[in-house]
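Trainee: Could you choose a single part of this model and look at it closely with me? I would like one connected account that explains each term as it comes up.

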Amino acid sequence: MRTNGDRRHGGLGAAAVGVAALGVGEVIAATRGDSLIDAIGRVLTDTVPVPVVEATVALSGRHDKPAVRIGVGAGAVAAALGLGALPERARTAAVATFGAVAAALGLRPATRSAATVAGAVAAAGVLGVGLSKRPRGLIGSLAWAGAGVGLFAAARTLHRDLDRRQDEAIQKVGPMGGLAAVPQDGLEDEPGLSSLITRNRSFYVADVNLSPPRIDPTRWRLSVTGMVAHPLRLSLAELVTDAVEFDAVMVCVHNRPGERRASNARWFGVPLARLLEHTIPEAGATRLVTRAVDGYTISLPVEPLRSGEWPGYLVVGVNGEPLAPEHGFPARVFVPGLYGQYTGAKWLAELQLTDDSHADYWVRRGWPSDPIWITPQARIDVAAPGRAAAGTTTVAGVAWAPPDGVAGVEIRVDEGEWRSVDLGTELAPAAWRRWHTTIEIPAGEHSVQARATGHSGEVQDGTRRAPFPTGPTGFHTVTVRV
Ligand SMILES: Nc1nc2c(c(=O)[nH]1)N[C@H]1C(S)=C(S)[C@@H](COP(=O)(O)O)O[C@H]1N2
Ligand SMILES: [Mo]
């Protein structure tokens, strides 16, 4: 006869077996630098309905990757609990199915890896054996869970080692462009204001992978293929010779007013017009597909890139350094003014010229196929007591309207009259522009809003609109207590 206590420990035991099984899978996948959890996370990202993606991005902000990982881990433990409650026969069948599905993840193009397949099979084996033996009591459960945690730590060590080696390989590539003089705009001493150039470590990260692919720069080649008279295969060193510097802000299509999925940098890249000129696209080549090493694609219309109407770049450096692993090392495509989701792939493997039959990753999921342009947006970084005079409030922030540039920024208090602020010097039209002002706000609690106007004349739209499907609108609103 089973007592209540047995059942409690039974659940605990099943959960502990789940942790141990996942740990075994992780450590086996990690021997090749891969991860079972990340493969599961990627398949979820690839398949869940877009409203779920949107909700995850909105709720987790810049912490989307840890959020997905924790979700996968919790899901795996919950699954172990569920399987543990099944009768023996049904459980064996369910565990085998589970293992087969997990192993299939290692066969998908995005996460292809023999080590992940092996890890999934081993994890299913441990799950099956563990659940039928069922750890006895608290001590048994703790032993299984402890083993699992130890295996996770071992997997982490393997990943750290590979990351360190990747960093060394990147350092060997050497500097990328100058960043000779640190750019200035006259607003250098405004505490709390975003820096004019976002440091590489602070640059926002957004992509469908749970961890960045590791690429050996000495073996990497960029292929330019498809409907071209002259296909190319270029090394990183060959690309660097044609690279130029430019300043531009990159903005994620999910960046709602006030958020920080936007960063400004000095980039180093080869003009796409130049690359296209060398390859000589065929007449029917209408799309330039930027394909990452994992098969992820973002495509762009060929004509405006070829003519230079849209100044696009094959980027190999940022702020004087090679791209960091999470930002697409060794190369990515960037067309300033287009949202990140439309601007080009990171971890570039291939530029393929093709016709309009190609459909990108997000287009197949319901996003528009035509590239979406970033709309003017102002963000308030500072709303604090003014330092010059008592009773004043300093309001400062950044604004962008790429590729045309920011013509003006205005703020208003309690939805009153808009008033202009002082702008920092424009670094480049495609870059973000800092701004500040000092105003008098009466005592009490008040709302402050900001809006940007582009050189094109486009004024920031104050209507609150969600990112999907054409980008967010609205004003950043902060509350100040005077
Ligand atoms: N290969 C690849 N490139 C990608 C993506 C991706 O998921 N995979 N995401 C895009 C999106 S949505 C954005 S906002 C930018 C973000 O670039 P960052 O992480 O360097 O800021 O990369 C773009 N390029
Ligand atoms: Mo994005």
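Mentor: What follows is a close look at one pocket, and then at the parts that surround or adjoin the story. The model is a predicted one, in which local features need pLDDT of at least 70 and side-chain atom pairs count only at pLDDT 80 or more, while totals for chains, interfaces and linings use all residues. Residues are numbered from 1 along each chain as its sequence is written, chains are lettered from A and ligands numbered from 1 in the order in which they are written, and side-chain values use heavy atoms, with hydrogens and water left out.

To set the scene, the protein has 11 helices and 18 strands, where helices (H or I, at least four residues) and strands (E, at least two) are DSSP runs numbered from the N terminus. Its C-alpha trace spans about 80 × 70 × 40 Å along the principal axes. Of its 482 residues, 51% count as buried, a word that here stands for under 20% relative accessible area, with exposed being over 50% and partly exposed in between (1.4 Å probe, protein chains only).

The part to study is the second largest pocket, whose volume is about 700 Å³. A pocket, on a 1 Å grid over the protein atoms alone, is an open set of points with protein on both sides within 12 Å along at least five of seven lines, whereas a cavity is a set of points where a 1.4 Å probe fits but cannot get out; lining residues have an atom within 4 Å of a point. Grid points are joined across faces, edges and corners, and the volume is the space filled by probe spheres set on them.

The lining of this pocket has 36 residues, and Asp64, Ala206, Asp207, Val208 and Trp362 are the ones that lie nearest its centre. Helix 2 (36-47), helix 3 (50-60), helix 4 (64-84) and helix 11 (340-343) are the elements that give two or more residues to that lining, and helix 3 gives the most, with 4 residues. Sorted by class, the lining holds 21 nonpolar, 8 polar and 7 charged residues; Ala, Val, Leu, Ile, Met, Phe, Trp, Tyr, Cys and Pro count as nonpolar, Asp, Glu, Lys and Arg as charged, and the others, Gly among them, as polar. Both domain 1 (4-166) and domain 2 (200-364) contribute, each with at least three residues, the bounds coming from an automatic or database domain assignment.

Among the contributing elements, helix 2 repays a slower look. Because 9 of its 12 residues are buried, helix 2 is largely enclosed by the rest of the structure. The buried positions are Leu36, Ile37, Asp38, Ala39, Gly41, Arg42, Val43, Thr45 and Asp46. Its length can be checked too: at 1.5 Å a residue the 12 residues should span 16 Å, and the end C-alpha atoms lie 17 Å apart, which agrees; the expected span is 1.5 Å times one less than the number of residues.

Helix 11, another contributor to the pocket, leads us to its surroundings. In the loop between strand 9 (332-334) and helix 11 sits Pro336, which counts as buried because its relative accessibility is 5%. Although Pro336 and Pro311 are 25 residues apart in sequence, their C-alpha atoms are 7.2 Å apart in space.

Helix 11 also gives at least two residues to the lining of the largest cavity, as does strand 6 (297-301). There are 3 cavities of 30 Å³ or more, and the largest cavity has a volume of about 50 Å³. The residues around the largest cavity are Tyr296, Thr297, Ile298, Ser299, Gln341, Tyr342, Asp360, Tyr361, Trp362 and Val363, and here we meet Trp362 again, since that residue is also named among those nearest the centre of the second largest pocket. Strand 6 supplies the largest share of the cavity lining, 3 residues, and by class this lining divides into 6 nonpolar, 3 polar and 1 charged.

As a last step, turn to an open sheet of 4 strands, in the order 14-13-17-18 with antiparallel pairing. Strand 14 (419-420) and strand 18 are its edges, each pairing on one side only. Strand 17 (residues 445-454) is largely enclosed by the rest of the structure, because 9 of its 10 residues are buried. Strand 17 is joined to strand 13 (residues 406-413) by 7 bridges, and pairs with strand 18 (residues 476-481) over 6 bridges; two strands pair if DSSP finds at least two bridges between them.
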